[in-house]
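I opened this entry to look up two things, the ligand site and the sheet, and I note below what I found on each.

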Amino acid sequence: MATTHTHIGNYEFKSCFMNAAGVYCYDRSELEKVINSEAGTFVTKTATLNKREGNPLPRYYDTELGSINSMGLPNLGIDYYLEYLIELQETMPERSFFLSLVGMSPEETHILLKKVQESSFKGPIELNLSCPNLPGKPQIAYDFETTEILLSEIFEYFKKPLGAKLPPYFDIVHFDQAAKIFNKFPLFFVNCVNSIGNGLIIKDEYTVIKPKNGFGGIGGEYIKPTALANVHAFYQRLNSSIRIIGTGGVLNGKDAFEHILCGASMVQVGTALQKEGPEIFKRLNEELESIMNEKGYKTIEDFRGKLKMI
Ligand code: ERO
């Protein structure tokens, strides 16, 4: 019988599925629902130093093929998530959970990471280099110079397992340039991809979300081909010690199978989780296991990264 069990470094997960940051992860009550589902782990909402209300409502909208959001980083502040994660380390020592964070400036990012470094938190950390929805602030990882400077400053003091959440790239030269930078650092993983930034969805002549004149991050079915291309491009280019989390357009077991074929060790679910709720993880595990059983694969390592070229 196939299993969707996976690992990233020494962290073991009973399933390769988890939420994508931003969905079912704002507070303890949402995170508990993911813990009690068939997901392998969770990641928190990206935390900033202080609590944030985020952008004006409406700021999230579902469509037939996906979603658009311009949440604007609403979160309860780093101390809230760190405290909960440290509590879970005591109550569920056999499990590991991810903390997502980013500062509103490089200085704030350093304050956050130093806080994490000095804390007793032992889990993996996802640095969000790709928020598309902060008015006036570009997505960090689209600026290669800033990204390289930030990572070199961080790794001077940060010794815990740190990964980066990346925006989608759309050009082969950008895959090459980004991978060259990430390979210079002891990154624990990269997560491909965040939402496709600054899309526009229209209904009855109106924008569907209020912030930024209707512009927002696109998720769901629309983005699977872009997500798969990013997972595979980085799988081919990154040092093998840098694991890949695949995110984007995962609605069923086949979508997850494809992410893993492209090189993902773990698969995150955003829009489909928002639409269906945490019960989705049971269905996703069953669908992926059934594909693996049909093909004779016992573990995800049997086919991870083994995309065939015609
Ligand atoms: O607006 C947000 O809070 C947000 N939405 C996304 O699609 N991706 C993000 O990374 C993000 C905020 C960090």
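Before looking at the ligand site I fixed my terms: a pocket is an open set of grid points, on a 1 Å grid over the protein atoms alone, with protein on both sides within 12 Å along at least five of seven lines. I also keep in mind that this is a predicted model.

Ligand site. With that definition in hand, I looked up where the ligand lies, and the space that the ligand takes is the largest pocket. I then listed the residues around the ligand, which number 13, and noted that Gly72, Leu73, Asn133, Asn194 and Ser195 come nearest.

Polar contacts. I looked for side chains that reach oxygen atoms of the ligand, and found a polar side-chain atom of Lys45 at 2.8 Å from one such atom. For Asn69, a polar side-chain atom lies 2.9 Å from a ligand oxygen, and for Asn128 an N or O atom of the side chain is 2.9 Å from an oxygen atom of the ligand. On its own the ligand has 330 Å² of accessible area, of which the protein covers 93%.

Sheet. I traced an open sheet of 7 strands, ordered S3-S15-S14-S9-S8-S7-S6, in which the pairing is parallel. Strand S3 (17-19) and strand S6 (99-101) stand at the edges with a single partner strand each, so one side of each has no neighbour in the sheet. Neighbouring strands of this sheet are turned against each other by 25 degrees on average, direction ignored.

One pair in detail. I looked up strand S9 (residues 189-192) against strand S14 (residues 243-247), and the two pair in the parallel sense over 4 bridges. Phe189 has Arg243 as its bridge partner in S14.

Key
Residues are numbered from 1 along each chain as its sequence is written. This is a predicted model: local features need pLDDT of at least 70, side-chain atom pairs count only at pLDDT 80 or more; totals for chains, interfaces and linings use all residues. Side-chain values use heavy atoms; hydrogens and water are left out. Two strands pair if DSSP finds at least two bridges between them. Axes are lines fitted to C-alpha atoms, for helices over the stretch in contact, and angles run from 0 to 180 degrees between N-to-C directions. A residue is near a molecule or strand if one of its heavy atoms lies within 4 Å of it. A polar contact is a pair of N or O atoms within 3.5 Å; within protein, one must be able to donate a hydrogen and the other to accept it, and residues adjacent in sequence count only if both atoms are side-chain atoms. Accessible areas come from the Shrake-Rupley method with a 1.4 Å probe; for residues, only the protein chains shown count as cover. On a 1 Å grid over the protein atoms alone, a cavity is a set of points where a 1.4 Å probe fits but cannot get out, and a pocket is an open set with protein on both sides within 12 Å along at least five of seven lines; lining residues have an atom within 4 Å of a point. A molecule sits in a cavity or pocket if more than half of its atoms lie within 2 Å of its grid points.
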